[in-house]
Structures are given as structure tokens and as C-alpha cells.
Amino acid sequence: MSAYIIPFEQLGMGDVETVGGKNASIGEMISNLVKLGVRVPGGFATTAQAYREFLAQGELAERIRAELDGLDVDDVERLAETGARIRSWVLDTPFHPRLQEEIATAWKRMDDGKDIAVAVRSSATAEDLPGASFAGQQETFLNVRGHDQVLRSMHEVYASLFNDRAIAYRVHQGFDHAQVAISVGVQHMVRSDLGASGVMFTLDTESGFRGVIFITASYGLGEMVVQGAVNPDEFYVYKKGLEQGHYPIIRRSLGAKASKMIYASDRSGSRRVETVDVPVTDRSRFCISDDDVEELARQAMVIEKHYRCPMDIEWGKDGATGEIYILQARPETVQSRGGRTIQRFKLKGRSRVLASGRAIGQRIGAGPARVIRNVKEMSRVQPGDVLVSDMTDPDWEPVMKRAAAIVTNRGGRTCHAAIIARELGIPAVVGCGDATSVLTEGQPVTVSCAEGDTGLIFEGQLDYEQQQIELDSLPAAPVKIMMNVGNPDRAFDFASIPHNGVGLARLEFIINRTIGVHPRALLEFDRLEPGLQSQIRRQMTGYDDPVGFYVDKLAEGIASIAAAFAPEPVIVRLSDFKSNEYANLIGGQQYEPHEENPMLGFRGASRYVDESFRPCFELECRALKKVRDAMGLNNVQVMVPFVRTVEEGRKVVELLASNGLQRGVAGLKVIMMCELPTNSLLADQYLEHFDGMSIGSNDMTQLTLGLDRDSGIIASLFDERDDAVKALLSMAISTCRKAGKYVGICGQGPSDHPEFARWLVDQGIDSISLNPDTVVETWMFLAGKSVD
């Protein structure tokens, strides 16, 4: 006679048919990974056989089959009526005596006379398998205490196999209702109500990049993160850095974390957990430490290595003991299915931005906004609508597949709306904060997730283009193809395009978007007037030290790009803001001169050697040194822009060396932008101090033809294919080749004019760095092929 109850430690992945994927995975980790440092709370599971024999009572299985036969799950009202009827039948059917006895015995062994709290969760036999995600389909009960509560919660889990969303999901995924059984897991609770919890993936959830671990974290029990009820903190950990003993956290984002779920203070009624506000001081700091992040990442890597596939992992930090536990682990089911085809979406125009939040995926969708306040209004969502709500939960799934896009006020990148949107291939923007108030019913909108981490909701239905790239069809190119990358948020995505590294990584985007403060204002923070100090404090929330904020955020941006493209070289251009651009940063007005033509003024190398800016330049050096030395990303090379004289170039190279960035040490190369006529005319002298040149065709054209490239009046005369420009470029390429030094191009010209790229190849250039959206087209052109 088969047992109805099995302790977790006796289970493994061979028992999926017996206890479902979730419980089998818990058992697998306890049996195999605890000895490797993975902590997993114990407990027990009921078997699928126990469930099937439960259904055999009173012909319950036959009644359910007849009720579901021919049900149109897209008719949400009939679906709701049918689901409610079946659930009432299940709850009216008692557990048979033998099952009750085995539960009582297992509970007594687990409880051991103490007032313990447990989580009671579902584990379906078709759940958590590669290719299927039953995210939140069935019920979970937390802080369950005592035999009677456990029994009642287990009964509710059985009934939840027939929740509306579970019924609809099985139909849409092609699962036979009768073939899916349910197991119930009873697991010791971790006191994350006193600590923190979250979800982590062993890849980037948006791009599928497998070189990182993505971790979300918020205060209290993890249901708030899974449900999307909070905007959590986010961390990216570089796997190779962790393996090699380097500082591995390459990106940190502070979430709002406005509320948390804790054990209910009054347990006299049926309420076992409650949601409370998080104090403002706690919201403004990260809820876990760097040591916690690294410990989580280590456990995630052990789990991924054991399962041999990307994993989706729930975790909790016990606030009483400080220990971290793994609560569940299952195969990641969306990005891991990706093939050798990638899609790119791009807006053809832009309009007023109505709202913004976290982008899920990289797609674009448009349609009328359908503002849904609660689950009772779901039936109003029609095919092609943009679903707008405070948040979603599994009850919404029957209509989510109708939507052209999804927008929510709350949630992070691992919330329910995000998980389902990825699975359905629908763009979603979560955590907007105010979407339901700023978007009006029926308003035409466009939801774009093609701009990076930030998703934007535009006014009106905008046109966009879609490109499909067959990666296996790209022929060999006659030159190294690199990319120009400014936005670290897009780096993991861009790295999936065939490449030979990054020919231009711009610091300006990082400084402008993630820092937003003039570096001198941070260096002189204590001397600023109180109003400006308050503005800067808001900008650097989560960081105590103004200078440390600048260095860390700059390092994170550089590291994100470097990690994405490693081991290929990533050439990082030092900041090349002009005075008017620096003035637009917070605090910048009081430090920047007014110049009539900033394009030709205080910029590039001249800034770095000037006494007024040198301390700011040294912060850039600190960030680069952190990325190369502390993070171990030695594929980062340094590029100096706008060098007016050989002497100026020599001084910058010396300044870099005095700040720990010396040419040749640990493979560091220092390259200069070739963007002034002097750089080509005296290339041999410049190359005495630099390891190569990267042509900036925009400035070279401007300065050769005497144009202001910001002037619309003479814009038609701007052409990098002009014979004078080409003569200077040819001179630079020839000189670099004679000296045996690197020469590439990172200007706009080859991205705009493929025939110009062909000319550069004929001149013998080493690499061409392109905007990501032109890589495939230019690659095919240079290889003598056409793009279908």
C-alpha cells in the first residue's frame, strides 16, 4: 500500500509524478544540496495518489469532468461560475480516514509539541516543468499553526486546483484536467517576516543573458514580491566575478518597498498574516546587505549547476537568525526556451510620455487603455486592449492573453504580471505608481519596452517596426564588428547580437540617467546650500556618501556593459560632456562657464588636465579602476576623447597612470579618439603615448569642413564621405597600421552609410563599431549578402 505522506528528505526529482514538481524539487535540494551549503526548510508532502483517491469519493472526479467538458474558458463569467461550483464540491468532500491519520502522524513528528508555523503550498504534477509555469495558480497559506489549521489549509489547496485561473491555464497549455494531480507541501516557515525575502533567477529575465544572477528583495514575507504588491530592490551578480573571488555585484537598484507582509498580530480569527507600511527610513535603504546578495548568488549557482538549467528560485532571510534559506526552486520557463532568432522593436516616432515604470521584455504594443479596478471588471478587456490595473494576480490570467500590453501601478520584474507577460510574449510596464490615474478609459496609448529598463507609455497609437534576426544565418564579416553602447540597461540584450565587443561605451548616459548630479557638487556636498543638498540626497537615496554614490553608480554602469560583452574588449570613453550639458546636471549651473560654442570649448582632454575639473576626472578613474581591479573585468579599455595637442594627450596618460590606470598593466590599453584634423596629421606623434585610435567621424567631419553639427541651417553640408574627411581618415588608418597599433571607428558614419563602411574596410581598418540596430544590415552588406 502506497504512502499518502512522504517527508521531503525522502524525495527527489524522480518523484514528480508522485508529489509534483515543486515538492520533488524541495526534496531534491534537501537530499543533495544541503551538504553544499544550500539551506532548505524541511517538511512533508502528500502524494498524487492521495489526491486521486480523494476524488474517487462520491464520483467527484466524474462530476468534475462533466462540468469542465466543453467549457469555454474565454467566457470569464461562465468560467467563474463553474470554478466556484467545483471548489464547493471539493470542500464538501472530507479527507478519507487514512489520509487524515497519516497527516496527523506527520504533523506530530514535525510539530514535536512546539507552536511552529508552516507554509502550506500546492505542487501540481505538471507544475514547474521546463516549458510550463503554473506561477501562483493554486493557493498558498502562510503562518499556519496547529493540526486543525493545517488540515483545513490542505483541503483549500486541493480545491484551488480548480481556481478559475488554474482551469484556464491548463486549457491554454493543452493539459488534460484529469491528468493533473495535486500534492500538498507542508514546510517550516522562515522568519522572513522579521527579515526579507524575494525571488532570483540565474539569468537576466528580460534578455535571457546567462552570465548574471538577477535577485529581487523586499522586507517581510515573499508573497508581496511574487504578487507584485511591492516594487523591490534589485541586484545583478556577475557569475564569473563570483567564481573568481572578485566583487561581483554589477548593478543595484533601490525599490520603493512601501509595504510588507508579516505574521498577524492578532491570531484569534482566521487571519494569519497582515500587510503593514514600511517605515520611510527602511524604504530608503537596501533591505539586504552585499554579503547577503553574494550568499544568495552562491546558493543560486550551486542550484543551477545541479539542475543543469536556468532556475527560478524563491528565498527568505530569517530576521531572527540572519540565515538565508531557499524555499523553492524550479526551471525558468521563458527565456531558457529562446532559440537562435532574436526580435527587435523600434518606434518610428514619439509623443508625450504619460507614465513610466519597469519594462518587461523588449516589445512594443498599442491599443485603447482598459482601466480595470478589480477582478469583477475583467470581462471588459477585449482583444487588442492595453490592460491597465493596480496589479494583477493569477485570477486575471484568463483575460491577460487578450491584451496588446499590460500596465500596472505596482510590482517589480519578478511579479505575477511580469511572469505572465513574458510567457505570453506581451509587453508590460510594471511599478508605474500612477498608471490607473493618469491613463483614462479608452485612451489610445503605445506601450514601449524597447527603450531599456524603463518602460514608457506614450500618448496615441504610434507606428513601430519589427526586425527578426536569424543569428545562424550571418556569414563571416571581413572586419571586426563592434557596437556603440551607452545604455547599460540594454547591454545584456545587445550582447545577444553577434559582435566583437564594444567599440564605444559612453559614460555620458550613465552620468545623466543614473547619477544626474554634477561631480563637483558631490565633491563639495558639505558646502552646498541646504535646498540643493536636499535635492541631491533624494537623487542618491540608498547611498550615504555622495562621492561613493558617484563612483559606485558609474562603476555599475561600466561593469554592466563589460560583463555583458566579456571577454571581448569594451572600450570606455571618458566623459565628453560639453559645458552646457554638464550645467544641466543637478548643481551644474554654479560650476560651468557659459560658452557661445560649447562644441569647441571646455570638453574632453582639456577638462581632465584643468585644475578645476581634475578631482572630477579622478572619480571617473576610481570607477574604472574598481571595475578592472575589484570586479576583475579587465576587458575594459580606456579611451580619451577630444585631444587637441600631443602634449595634452601625454598629460592625460600620465594622469591616468597616477590614478592607477597605467598602460600595459593587467593588459590595460589606452586609446584616443581620432576626431580632430591634428589627430590624423600628427598621428605618429600621438601614437607614442596611446595604444591606438578610434575614429570619431562626427567631430572629424565638423572640424574638417568647418561646420557646427548642431546647426540646422547648414546640416545638409555635413557628410563624412567628403573627400577631405576621407583623406584624413585614410591618413590615420595608414599611420596606425604602420605602427602596428589598433585603429577602429565608432562614429555615426558607418551606421548611416554602409558604402562608407565598405570604404573603411578597403582602407584596412581593424574594426567598425555600429549602433546596435544597424549591426545586422551592415554586417550582411560587408559580407556581400542582402538582408531578407
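**Close-up 1. Contacts of Ile-86 in the predicted model.** Ile-86 touches Ile-64, Glu-67, Leu-68 and Phe-162, leaving aside residues up to four places away in sequence. The model shown here and in the other views is predicted. Ile-86 belongs to helix α4, which covers residues 76-92. Its relative accessible area is 0%, and because buried means under 20%, Ile-86 counts as buried. One of the residues it touches, Phe-162, lies 76 residues away along the chain, yet the C-alpha atoms of Ile-86 and Phe-162 are separated by 6.8 Å.

**Close-up 2. Helix α11 and the residue that follows.** Helix α11 is made up of 18 residues, 290-307. At 1.5 Å a residue, α11 should span 26 Å, and the C-alpha atoms at its two ends are 26 Å apart, so the expected and computed values agree. The buried residues of α11 include the acidic side chains Asp-292, Glu-294 and Glu-304. Also buried in α11 are Val-293, Leu-296, Ala-297, Gln-299, Ala-300, Met-301, Ile-303 and Tyr-307. Arg-308 comes after α11 and has a positive phi, near 60°.

**Close-up 3. Strand β16 with its partners β20 and β17.** Strand β16 takes in residues 364-371 and is mostly covered, with six of its eight residues buried. Strand β20, residues 444-448, runs antiparallel to β16 and is joined to it by five bridges. Within this pairing, Gly-367 has Val-445 of β20 as its bridge partner. Strand β17, residues 386-389, runs parallel to β16, and three bridges join the two. Here Val-371 is matched with Val-388 of β17 as its bridge partner. β16 is thus seen with an antiparallel partner, β20, and a parallel partner, β17.

**Close-up 4. Packing of helices α26 and α27.** Two packed helices are described by the angle between their axes and the distance between the axes. Helix α26 (residues 697-705) packs against helix α27 (residues 723-739) at an angle of about 120°, and their axes are 9 Å apart. That angle makes α26 oblique to α27, since 65 to 115 degrees would count as roughly perpendicular and over 145 as roughly antiparallel. The crossing of the two helices, α26 and α27, is right-handed. On the α26 side, the residues that meet α27 are Met-700, Thr-701, Thr-704 and Leu-705. On the α27 side, the residues are Ala-724, Val-725, Leu-728 and Leu-729.

Key. Residues are numbered from 1 along each chain as its sequence is written. This is a predicted model: local features need pLDDT of at least 70, side-chain atom pairs count only at pLDDT 80 or more; totals for chains, interfaces and linings use all residues. Side-chain values use heavy atoms; hydrogens and water are left out. Helices (H or I, at least four residues) and strands (E, at least two) are DSSP runs, numbered from the N terminus. The expected span of a helix is 1.5 Å times one less than its number of residues. Buried means under 20% relative accessible area, exposed over 50%, partly exposed in between (1.4 Å probe, protein chains only). Two strands pair if DSSP finds at least two bridges between them. Axes are lines fitted to C-alpha atoms, for helices over the stretch in contact, and angles run from 0 to 180 degrees between N-to-C directions. Angles under 35 degrees count as roughly parallel, over 145 as roughly antiparallel, 65 to 115 as roughly perpendicular and the rest as oblique. A crossing is left-handed if the near helix is turned anticlockwise from the far one by less than a right angle, and right-handed if clockwise. Contact means heavy atoms within 4.5 Å.
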